[in-house]
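Me: I should like to learn how to read cores, strand pairs and buried positions in a model. Please take me through an example.

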Amino acid sequence: MNSKTLRKTVLFMALGVCLSTLVPAQYAYAANTDGSLVGQTVAGAEVTVRNPETNFTRTITADADGNYRFPFLPVGNYTLQASKSGTPVGQPIQVTVSLGNATTVNLGSADMTTLGAIQVVGSRVVTLVDVTSTESATNITKAELDRLPVGRSADAVAQLAPGVIGGSFGGISFGGSSVAENTVYINGLNVTDFYKRVGFSSIPFSFFKEFQIKTGGYSVEFGRTTGGVINAVTKSGTNEFHYGTEFVWRPDSLQTRADNQPLIVSRYDKVDDRSLNGYASGPIIRDKLFFYTMYEARDYNTVNTSNDGENYFDAHSDSPFWGAKLDWQVADGHLLELLAFSDKNEVAMDDYNFDPIAGKRAGFNNTRFTESGGTNWALTYTGYLTDDLSMKLLYGGNKRVRVQNSLNDINCSRVRDRRPGGGDVGCTTSGLIEKGLDDRQAARADFEWSLGDHLLRFGLDREVNTSDNVSFYPGPDRLLYEIRNTTAGATLENGGTVPAGVTAYVRTRQQEVTGTFETLNTAYYLEDNWSVTPNLVFDAGLRVEGFDNKNGEGNTYIKMENLLAPRFGFAWDVNADGRSKIFGNVGRYFLPVSNIINVKQAGAFLDERTYYAFGGFEPFEYNGQTYQRPILGPQIGAVDNSQGDGTVGDLRGEVDADMDPVYQDELILGYQSLITDKWSWGVRGIYRKLHNAIDDMEITSNGIVCGGSPGYVGFVMANPGEDVTVYTDTNCDGVNDGFVTIDTSKKGWALYDDNGNYVGELGWVKPRRTYKALEFVIDRAWDEKWALNASYTLSYSDGNAEGPVNTDTGFDNTGRTEHFDDPFVNRASYGPLPNDRRHQVKLRGSYAFNEHWLAGATLNAQSGRPVTGFGVGNPFDGTNYTSNYICIANCLSDIPSERVYQISPRGGYGTLPWTFDVGASLTYQRAIGPSHLRVTLSAFNLLNQQRVTDVDQTLEDDIGHSNSQANGGTFLLGTGYQSPRYAQFTVALDF
C-alpha cells in the first residue's frame with residue numbers, strides 16, 4: 001500500500017470515528033438542569049468546549065486513557081475541539097447538549113498524534129442511542145414542539161411520552177400511578193404543589209427551551225415521586241440582542257359545540273383565549289452577563305353551564321405573566337443563574353340562572369373568585385473546581401395562593417334542604433371558604449467527582465414546605481344550615497331528644513381550621529457510575545430520605561426518617577459500536593405526605609353543631625332573586641363540639657405512632673438500537689409495585705373490651721392492613737392513657753350481631769397496585785425535512801387502591817380518600833384500576849414541504865378505562881357505604897344478617913370505548929429582513945370525537961335499591977366526554 005493510499009485510509013477511518021457519535025464513553029450522566037459532554041480522545045490532549053452564542057468556554061485535559069468529561073453544561077449548541085502539544089486533533093465539531101443527557105463524542109484514538117496534517121471535519125452531533133444511559137426518558141425541544149399541534153402546557157407535552165395518560169382532577173398519570181405522585185422541575189427548582197401534589201407552577205410555552213419527561217429508572221438525585229418527573233429548562237440570553245412577540249388565539253368561533261348528553265348540558269360551553277407576549281434578550285456585559293425577560297398579557301374567557309343546564313357561568317381572567325432569567329459567567333469555571341417568574345392567576349366567574357331550552361341566561365346570582373399561583377425564584381451556582389470535581393448549588397422557593405370565595409359569601413349563609421326533593425335554597429352554594437398560602441423554601445447541592453473508571457455523584461437537598469390556612473363556611477355567622485326530617489322522640493347525634501310535634505330539625509354547623517403547617521423534606525444521595533469495561537456501565541446509588549410533618553403548633557406529628565431508596569442499573573453496548581444497547585434498572589422510590597393532611601387533621605379544628613326545631617322557611621330577596629332561610633325553633637340538646645373544639649388536641653389518638661412510608665419498587669429491562677443514522681427503535685418492559693398507603697381509617701375497636709364492647713378510637717391516619725399504634729383508653733375509665741398496637745389486617749373494626757352484641761372484629765386488606773407494561777418505540781430524527789416518532793404500549797394496572805387520590809369517587813383530598821374509611825370499601829375490589837389503559841398508540845411527526853411551509857400531526861389513541869359497578873352495603877354488618885358488594889336478596893330486611901350479597905368485581909362492566917385524538921397543524925415561516933415570521937394554525941381533536949371518558953359507576957345508591965337506567969337511575973350514563981374540536985392561531989415574530 002503506497003503512502004497516498006495509506007493516508008486516505010487513515011483519513012476515512014478517523015472520519016468514521018469522529019462521526020460515530022454513539023461510541024460508548026464513560027459516565028454518560030447529567031444533572032437535572034443541564035447536560036454533559038463525554039468521550040475519548042488522545043491521552044493527555046486538551047479538550048475545549050465553547051458555546052459560540054455566549055462564549056462560555058471550558059478546557060480540560062484528557063486522562064491517561066484518553067477519557068474526558070464536561071459535566072454541568074448549560075443546554076445549548078457547542079463547538080468541541082481537541083489538541084495535543086498545540087496540534088489540533090481534527091476540525092472543531094458542532095455538538096448539541098440536551099437536557100439531562102450526556103452527549104458522547106470520540107475525537108480519535110491514541111495513535112492520532114501520528115496523523116500530522118490530517119484534518120477530520122465533523123458535523124453536528126445528534127445522539128439517537130445513548131449506550132451508557134440506564135434511565136427511561138423522552139426529550140422534546142421547543143423547536144420540535146413548534147412543528148407539532150400540542151397543547152400549550154407541560155402536561156400536554158408529557159403525554160407525548162409512552163405510558164403517560166391524562167388522569168383525573170386535571171392531572172396526568174405515569175405508568176399506572178395516580179395524578180398526585182409526580183414531580184415537576186423548572187431550572188432545577190421543584191415547582192410541584194405540595195398541598196395536594198396535583199398541580200404545579202407554570203410558565204408560557206415560549207419561555208421554555210427543552211423538556212425531559214422521565215418515565216422510569218431515574219437517578220437517585222430525583223425523589224419524592226412514585227409516578228414520573230417533568231424536567232424543563234427555560235431560555236437564556238446570548239451575546240446577540242433578540243426581541244420578539246407571539247400572539248396565540250383560541251377563538252370560540254372555531255370551536256365545535258359539544259353534544260348534550262343525558263347527564264350533561266354542554267352545547268353552550270365555549271372558550272375564547274388570547275395571549276400576547278413580548279420578550280427581549282441579550283448581553284448586559286458581552287461574554288459575561290446575559291438577560292432574558294418576558295411579559296405576557298392574557299385575556300381568557302370560558303363560558304359553560306352546570307350539568308343540569310340551570311346555571312350559566314361566565315369566567316374571565318386577565319392576570320399577566322412575567323419572567324426573567326439572568327446568567328452571569330462570573331469567572332473562568334464559575335457560573336451564576338437567577339430565575340424569577342410569577343404565574344399568579346385570578347379568575348372571576350359570574351353565575352346566572354339559565355334556561356337550557358331557550359338557550360338564554362336569566363337573573364344574576366353571584367360572582368365567584370379563585371386565586372392560584374404566585375412567585376417563583378431560584379439562584380443557582382455552578383463551579384468547575386477542577387477537571388475532575390464540579391458542584392452545583394441551588395437556593396430558591398415558590399409561593400402559591402389558594403383562595404376560593406364569592407361575592408355573596410359575606411352576606412349569605414349556605415342553606416341546604418336535605419329532605420327528599422330539596423336542595424340549596426339560600427343565596428350561596430359555596431362550601432368551605434378557603435384562604436391558603438403555600439410557601440416552599442428549597443436548597444440543594446450536587447457534586448460530580450471523576451475517579452478513574454468511577455464517577456461519584458453525590459448531594460443533598462432540603463425543602464421546608466409551609467401552608468398558612470384558614471377555612472370557614474360563608475355568611476356573616478359562618479354557619480351552614482341543613483334541614484332534615486325526623487320523628488318525635490328520636491335521638492339526634494348530639495344526644496338530644498326530638499320534642500313532640502317536631503317533624504324536621506335544623507342543624508347549624510360551624511367548621512373552621514386555622515394554623516400554620518410545616519413539612520420538612522430532606523434527602524442525601526450517593527451514586528457510583530462504574531465503567532466496568534469500555535462497553536459496560538454499572539450504576540449503584542442510594543438515596544436516604546426523611547419526611548417530617550408538623551401540626552398547627554409546630555410540633556412533629558408524622559415523622560419518617562432514614563428511608564433507604566437503593567437503585568441499580570446497567571447499560572451494555574452489545575456490539576461495542578455505539579449502535580445498540582441492552583439496559584435495565586431496579587429501584588425504590590418514596591412518596592412524601594402532602595400538606596393537606598397537616599391542615600385537615602393537625603390544625604386548630606373547630607366543628608361545632610347545634611340542633612333546632614324547624615319552624616318553616618322565611619323568604620327574602622337578594623340581588624333581585626327570592627331565596628329561603630330557615631326559621632329556628634327551640635334548641636334541641638346541647639351544643640356538640642366533640643368532633644373539634646378549636647384546639648389542636650392530642651394527635652396521638654389520631655395518628656399511628658410508627659407509620660411506614662408509601663413507596664414503590666420498579667424493575668425495567670430494555671433494548672434500543674440504531675436502524676440507520678437517522679432511525680432507531682427500542683422495546684422496554686416495566687414492572688412497578690406500590691407498597692403501603694397512608695390514609696384515614698375509622699378504628700372502631702381498640703381491642704380492649706369494656707362493658708361488652710371494645711373501645712372506640714375514631715379516624716386514624718395510618719397504614720391500612722398493617723400494625724397501628726395509637727393512644728387510647730386502656731383501663732376503661734373513658735380517658736386515653738396509653739398506647740395500643742392493633743394489627744389492622746385482622747382487627748380494628750368491631751362487628752355486632754343483629755341484637756347489637758359484640759361478636760368479633762374485622763381487619764383491612766392491604767393496599768395493592770401493580771403496573772406491568774411492554775413499550776415499543778420507533779424514532780426518526782429531524783433532518784430539516786421530516787421527523788417521526790411512534791410508540792405502542794401494552795399495559796396492565798391492577799390492584800385495589802389507585803393511590804393517594806380516588807378517581808372512582810371523585811375525591812382529590814390527597815391521602816384522605818374513602819378507600820380505607822372502613823374495611824369494606826375495597827375489600828373485594830382487586831382488578832383493573834382507573835388509570836388502566838390496556839392499549840396506547842401515539843404518533844407525532846412533522847414534514848417540511850419547502851423552506852416556508854411545514855405540516856405537523858399527532859395521534860393519541862387509547863383504550864378506555866375500566867368500568868365497575870359499586871354498591872353501598874356489605875355482608876358483614878349493616879354499614880351503608882361505598883363498596884364492591886351488591887345486595888341481591890332480602891335487601892329490605894331490617895336484620896342485616898338476612899341480606900344476601902355478591903361481589904361486583906373491578907372492571908366487571910368492561911371498559912369504555914377507545915378514544916382517538918388527532919391533531920394537525922400547518923405552519924408558514926419566512927425571513928423578512930432581520931426578522932423571522934412564523935404563522936401556525938393548529939386543530940385539536942380534528943375528527944371531533946366526543947366519546948365518553950367517564951360514566952356513573954353507582955350501581956346501588958342504597959342497599960338493595962338499583963341505580964340502573966331501567967330503574968330510572970343513572971348507572972353507566974356518561975359523566976365525562978372528550979372535548980370537541982377546536983383550533984388555535986399562533987403568530988410569532990422574532991428579531
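Reply: The turns that follow treat a core, a hairpin and a single residue. This is a predicted model, in which local features need pLDDT of at least 70 and side-chain atom pairs count only at pLDDT 80 or more, while totals for chains, interfaces and linings use all residues. Residues are numbered from 1 along each chain as its sequence is written, and side-chain values use heavy atoms, without hydrogens and water.

Me: Which residues touch the most other members of the largest nonpolar core?

Reply: In soluble globular proteins, nonpolar side chains tend to be buried together. A nonpolar core is a set of buried Ala, Val, Leu, Ile, Met, Phe, Trp, Tyr and Cys residues joined through side-chain atoms within 4.5 Å; buried means under 20% relative accessible area, exposed over 50%, partly exposed in between (1.4 Å probe, protein chains only). Here the largest such core has 35 residues, and L145, V157, F211, I213 and I230 touch the most other members. A second, separate core of 25 residues includes Y195 and L690.

Me: How are strands β34 and β35 joined?

Reply: Strands are DSSP runs of E, at least two residues, and helices runs of H or I, at least four, numbered from the N terminus; two strands pair if DSSP finds at least two bridges between them. Strands β34 (604–622) and β35 (625–635) run antiparallel and are joined by eight bridges. Two residues separate them in a hairpin, where N623 in the turn has a positive phi of about 55 degrees.

Me: Why does S964 count as buried?

Reply: S964 counts as buried because its relative accessibility is 19%. S964 lies in the loop between β58 and β59.
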